[in-house]
Amino acid sequence: MERIVVQGGRRLAGSVRVSGSKNATLALMAGALLADGESRLRNVPRLRDVDAMAQILDALGARVAWSPDDPHTLAIDPRGVHNPEAPYDLVRKMRASFMVLGPLVARFGVARVSEPGGCAIGVRPVDQHLKGLAALGAKVRLEHGIVEASAARLTGGRFSFDLVTVNGTQNVMMAACLAAGETVLENCAREPEVVELAQFLSRMGAEISGAGSDRIVVRGVERLRPVALDVCGDRIEAGTLLAAGAITGGELELTGVDPSHLEATVEKLRAAGCEIDLAYDRLRLRGAELRGVDAVTAPFPGFPTDMQAQLMAVVTKAVGSSVITETVFENRFMHVPELIRLGADIRLAGRAAHVRGVARLSGAPVMATDLRASASLLIAALAAEGETVVNRVYHIDRGYERIEAKLASLGAAIRREV
Ligand code: EPZ
């Protein structure tokens with residue numbers, strides 16, 4: 001079982017390029033199913049979740065291949081899709097694979113995707129995805145754990161999401177691109193990954209307006225042609241690296257990411273005492289003595305739930321107290337017991353974590369439980385005295401490309417052990 005070993009106490013310094021966005025990539029890979037030819041995605045991160053989505057597309061019959069010339073370019077050709085069924089053993093590994101449902105039913109008239117089921121951070125139902133597709137005329141059935149959606153041709157409609165859902169917005173928006181007529185979606189997610197997908201689809205010939213706002217209008221077209229796209233930088237990896245710089249009192253520059261994608265994170269770290277300068281594709285952080293901050297997670301442009309665990313790690317060593325409230329998922333505090341093992345002073349009360357800053361953290365063996373919890377343990381380990389061993393690093397590899405190499409290039413004493 002692979003693990004990562006960290007000797008804490010080093011200030012991070014230097015510059016690192018952020019990898020392409022995991023969550024944008026997963027949606028774009030599903031979107032590539034809509035084109036009648038081979039699309040190419042560049043700046044794709046090499047991650048377990050990307051491999052999982054590639055396996056799903058391959059199982060459907062699409063051709064998915066990494067470019068022989070560039071390890072971060074992925075070609076996807078859906079013309080071989082013959083079997084629009086995504087099996088349980090693949091879907092359960094990565095719930096984002098549910099996003100193939102919309103493109104498949106729009107393109108092929110029928111799709112069967114296993115109900116993804118819950119995961120470590122919550123129940124995570126897909127009712128909004130199904131209600132949205134039904135609003136476009138899809139006949140939706142759930143039997144034996146398989147969702148089947150079918151329609152001779154989807155028809156444009158009006159649908160308002162009962163709650164803000166990122167992949168739900170993306171799934172229904174993709175389906176609407178090939179529906180007959182106009183679709184109006186309200187209460188949509190505004191995340192940059194929704195905007196990135198809309199740009200990709202528009203380049204393919206889709207007629208989409210309003211992506212990035214809570215109201216998206218799609219005029220259906222007959223067909224979509226394949227295109228190439230450079231995937232945007234990963235805003236959560238960027239926020240995670242900034243958090244690592246903050247807790248070590250370091251000085252670092254991040255390139256390859258749009259700072260406007262992580263304004264809420266920047267605002268929180270500034271409130272905690274960090275100096276952060278922004279340019280059009282880079283950020284510079286200077287850590288300082290940290291003070292406690294409060295944060296409440298919310299859909300974009302609010303403070304992202306995917307940065308909640310990482311911010312909590314930072315404030316464990318701040319002067320003063322912090323209250324971190326998780327409003328998006330019902331079980332996203334599994335990093336707390338592990339942070340406490342490193343000496344943090346945290347008390348949970350429902351959806352809120354009350355953190356009292358401590359003068360020192362001390363290294364210990366800890367257990368990764370989910371992707372962002374793992375990142376928060378790495379961040380705390382960088383500032384803990386002595387050695388920390390983070391076990392079950394496969395969680396980290398789902399969403400961070402060579403994270404230990406990036407941190408080592410910034411001066412961290414960190415290594416992976418098989
Ligand atoms: C996306 O998941 C991200 N994943 C998540 O990132 C992120 O945490 C989440 O958005 C919120 O920002 C990808 O994009 C691949 P939601 P998604 O639907 O779309 C409930 C990471 O760490 N809900 O916006 O699945 C749901 O249970 C991952 O990179 C319904 O009730 O999240 C949750 O409480 C983790 N019914 C809330 O909405 C539905 O039909 C928000 O979930 C859909 C969602």
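Thr-327 counts as partly exposed in this predicted model, because its relative accessibility of 36% falls between the 20% below which a residue is called buried and the 50% above which it is called exposed. The residue sits in the loop that runs between strand S19 (321-325) and helix H11 (335-341). When residues up to four places away in sequence are set aside, Thr-327 touches Val-296, Thr-297, Ala-298 and Arg-351, and one of these partners also takes part in a polar contact, since a polar atom of the Thr-327 side chain lies 2.5 Å from the backbone oxygen of Thr-297. Val-366, by comparison, is 39 residues from Thr-327 in sequence, and the two C-alpha atoms are 26 Å apart in space.

Glu-193 belongs to helix H7 (residues 192-204) and is buried, because its relative accessible area of 6% is under the 20% limit. The side chain of Glu-193 makes a polar contact of 2.7 Å with the side chain of Arg-235. Apart from neighbours within four places in sequence, the residues in contact with Glu-193 are Ser-21, Asn-23, Ala-24, Gln-170 and Arg-235.

The surroundings of the ligand form a further topic. There are 23 residues around the ligand, and those that come nearest are Gln-128, Thr-165, Asn-167, Asp-306 and Val-328. By class, this shell is made up of 10 nonpolar, six polar and seven charged residues. Both domain 1 (3-15 + 234-417) and domain 2 (23-222) contribute at least three residues to the shell. In terms of secondary structure, at least two shell residues come from each of helix H1 (22-31), helix H5 (127-135), helix H6 (166-176) and helix H12 (371-383).

Polar contacts between oxygen atoms of the ligand and the protein are listed below.

| Residue | Protein atom | Distance to a ligand oxygen |
|---|---|---|
| Gln-128 | polar backbone atom | 2.7 Å |
| Val-166 | backbone N or O atom | 2.9 Å |
| Asp-306 | side-chain N or O atom | 2.6 Å |

Of the 820 Å² of accessible area that the ligand has on its own, the protein covers 89%. Gln-128 and Asp-306, which appear in the table, are also among the residues that come nearest to the ligand. The contact of Gln-128 is made through its backbone, as is that of Val-166, whereas Asp-306 approaches the ligand oxygen with an atom of its side chain.

Definitions and conventions. Residues are numbered from 1 along each chain as its sequence is written. This is a predicted model: local features need pLDDT of at least 70, side-chain atom pairs count only at pLDDT 80 or more; totals for chains, interfaces and linings use all residues. Side-chain values use heavy atoms; hydrogens and water are left out. A residue is near a molecule or strand if one of its heavy atoms lies within 4 Å of it. A polar contact is a pair of N or O atoms within 3.5 Å; within protein, one must be able to donate a hydrogen and the other to accept it, and residues adjacent in sequence count only if both atoms are side-chain atoms. Accessible areas come from the Shrake-Rupley method with a 1.4 Å probe; for residues, only the protein chains shown count as cover. Helices (H or I, at least four residues) and strands (E, at least two) are DSSP runs, numbered from the N terminus. Ala, Val, Leu, Ile, Met, Phe, Trp, Tyr, Cys and Pro count as nonpolar, Asp, Glu, Lys and Arg as charged, and the others, Gly among them, as polar. Domain bounds come from an automatic or database domain assignment. Buried means under 20% relative accessible area, exposed over 50%, partly exposed in between (1.4 Å probe, protein chains only). Contact means heavy atoms within 4.5 Å.
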